[in-house]
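User: Hi! I would love a close look at one part of this model before I go back to the bench. Please walk me through it in plain words.

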Amino acid sequence: MESISKKSDSKVPPLEGFREAYTLHLADTTLILSQRNSEWCGHGPILEQDIAITNISLDLLGQSRNFYQYAAALKNDGSTEDSLAYLRTEREFKNLLLVELENGDWGQTILRQYLFSQYQLLLFQQLQQGSDEQLAAIATKAIKEITYHVRWSSEWVIRLGDGTDESHNRMLHTIDELWRYTGELFEAADYETAMGIDLAAINQIWTEKVTAVFDEAKLPVPQNVFVQKGGKHGIHTEQLGYILTELQYLQRTYPGAKW
Amino acid sequence: MSVHDLENLFQQKIDEEVKIEPKDWMPEAYRKTNIRQISQHAHSEIVGMLPEGNWISRAPSLKRKAILMAKVQDEAGHGLYLYCAAETLGMSREEMINDLHSGKAKYSSIFNYPTLTWADMGAIGWLVDGAAILNQVMLCRTSYGPYARAMVRICKEESFHQRQGFESLLVLSKGTDEQKAMCQDAINRWWWPSLMMFGPKDSESTNSDQSMKWKIKRKTNDELRQQFVDMCVEQVKLLGMTLPDPALKWNEARGHYDFGEIDWNEFWNVVKGNGPCNKQRLDARRKAHEEGRWVREAAAAHAEKRKASLNPSKGGTLAAA
């Protein structure tokens, strides 16, 4: 941590608030998706896949803890990974809307995972090359995991898109449910711009990759869909309040207790 | 060779501690007993994911959440090895799962109790996993090879879970008054059901004698239960908590702790399906299976298409990709 604060002090001091906000955005997004995926634990369609989705959930949780710990160090005010995850409110969470949506059926969970993981992979490849050494280090570790998430989820999208009539129809419905939340991934918040994240570049490659997978899955890529956004700035769907209510229940009920 | 000779040869192998392997001749009853026991064990791992899974979304810290999720995932993995071990005896996983869903196959009754507070995660780790381990350590030496080998792997992970459970209770026992009360309450609720995990008394157990002779089991229900009581009486002192049994008392002559009578009426009620969560647990398993049907069908249909496209001679066409 020492080297990072030195580096940021010398190079880009005005960035500090943005760096913290951006790190929290990454932390919140991975935590909330982990929380959603973990709802499948014990309820998956096939035992092997129950294990796989829980594995992804664990990977995302690990990533979120790294980001929260970094954010806590940046804040340097006694914050911890747990105070940041458990004691911030709906309006303070900066996660993408996509990750807080209800799981829906297995197809919806899988498609969301693919759309997100494909984005996350490209984003983290950029972070890996970025000037923030701590974010680069977290990204480098996570990329190994995300590469597997992309492979696993894209294979499922293809299987379900090009499986039975029922699975194909379910996937069409799922695309309709999720697509309007994908635009937000590429609309830069002030903290992303400040951190030099090039979302336009990611958008282009993401669209190519997703189109290739959808083609193989015999699924259409929607065009000109209205974009729902707000998560990056703390304006969420009505779902997030319920997620946080569960997630934060014990910390809120027994303030200050150690677990 | 007559069946009688085969049986003698089989028993001789057992007596000489030679493991029985899937392709070896075995008495039909040995096969059936093992299928029943291993599949029951597998089902217990899978149903056992539910009471603990119930607290993943509410775990009180990110570290506890990660530990709990990894633990429940380990149980899924144990279920998987055990289904595979049972399959070596000639019953498919699908048949076993159907038997679970129809109520024909049983699973450990302990999972028919609800997890009401966070402290239940610790109590399950300490008491339920602790009781399971005593049984499982014995099973590492069971006579059927694939079962014994699965258990060796499972035991390593289970002892880790037990330590984590105890550690989590230890933190509560040193916490606020509310946390201490939560800890004691969880111990009170899980103690007796944990003792029931060892099954009926030896005098009432129908399967015990033959299983001992075949070395499927190596210790009786009552021996294991006593071992468990002796162990927990010491461990609970480290927590500064108590076990909810006024009859617990060291017996110098026996060299063991005496303990009170289990409520066998409750035991049989839960076995027969009337525990607090029997219905919810089975409903949850059936629901997951039903709702996963379209997914499994799609995966199978896709695999068929892919096979056909890779083997055009068998009626398919080579895919453009």
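Which residues does Ser57(A) touch, not counting residues up to four places away in sequence?

Analyst: Happy to help! Ser57(A) touches Ser34(A), Asn37(A), Ser38(A) and Met69(B), leaving aside residues up to four places away in sequence; a contact here means heavy atoms within 4.5 Å. A word on the ground rules: this is a predicted model, in which local features need pLDDT of at least 70 and side-chain atom pairs count only at pLDDT 80 or more, while totals for chains, interfaces and linings use all residues. Residues are numbered from 1 along each chain as its sequence is written, chains are lettered from A and ligands numbered from 1 in the order in which they are written, and side-chain values use heavy atoms, with hydrogens and water left out.

Ser57(A) lies in helix H3 of chain A. Helices (H or I, at least four residues) and strands (E, at least two) are DSSP runs, numbered from the N terminus. With a relative accessibility of 0%, Ser57(A) counts as buried; the cut-offs are under 20% relative accessible area for buried, over 50% for exposed and partly exposed in between, using a 1.4 Å probe and protein chains only. One of its partners, Asn37(A), is 20 residues away along the chain, yet the two C-alpha atoms are separated by 5.6 Å.

Another buried residue of chain A is His149(A), also at 0% relative accessible area. His149(A) sits in helix H7 (residues 133-161) of chain A and touches Ile56(A), Asp59(A), Gln63(A), Gln113(A) and Ser117(A), again not counting residues up to four places away in sequence.

Since Met69(B) is among the partners of Ser57(A), let us turn to the contact between the chains. Chain B gives 46 residues to it and chain A gives 48. Together they bury about 4,000 Å², 67% of it on carbon and sulfur atoms; buried area is the accessible area (1.4 Å probe) that two parts lose on being put together, summed over both. Leu62(B), Gln73(B) and Trp294(B) supply 20% of the area that chain B buries against chain A, more than any other three residues.

Helix H3 (47-75) of chain A comes up again from the other side: the buried residues of H5(B) pack against it, together with helices H2 (28-47), H4 (62-87) and H12 (278-291) of chain B. Helix H5 covers residues 93-102 of chain B, and its buried residues are Arg93(B), Met96(B), Ile97(B), Asp99(B), Leu100(B) and His101(B). After H5(B) comes Gly103(B), whose phi is positive, near 90°.

For the wider setting, chain B has 13 helices and 2 strands, and its C-alpha trace spans about 75 × 55 × 35 Å along the principal axes. Of the 321 residues in chain B, 55% are buried. Among its contacts between residues at least 6 apart in sequence, 75% join residues at least 24 apart.

One helix pairing in chain B rounds off the picture. Gln162(B), Phe166(B), Leu169(B), Leu170(B) and Ser173(B) in H7(B) meet Met231(B), Gln235(B), Leu238(B) and Leu239(B) in H10(B). By class, this contact has 6 nonpolar, 3 polar and no charged residues, where Ala, Val, Leu, Ile, Met, Phe, Trp, Tyr, Cys and Pro count as nonpolar, Asp, Glu, Lys and Arg as charged, and the others, Gly among them, as polar.
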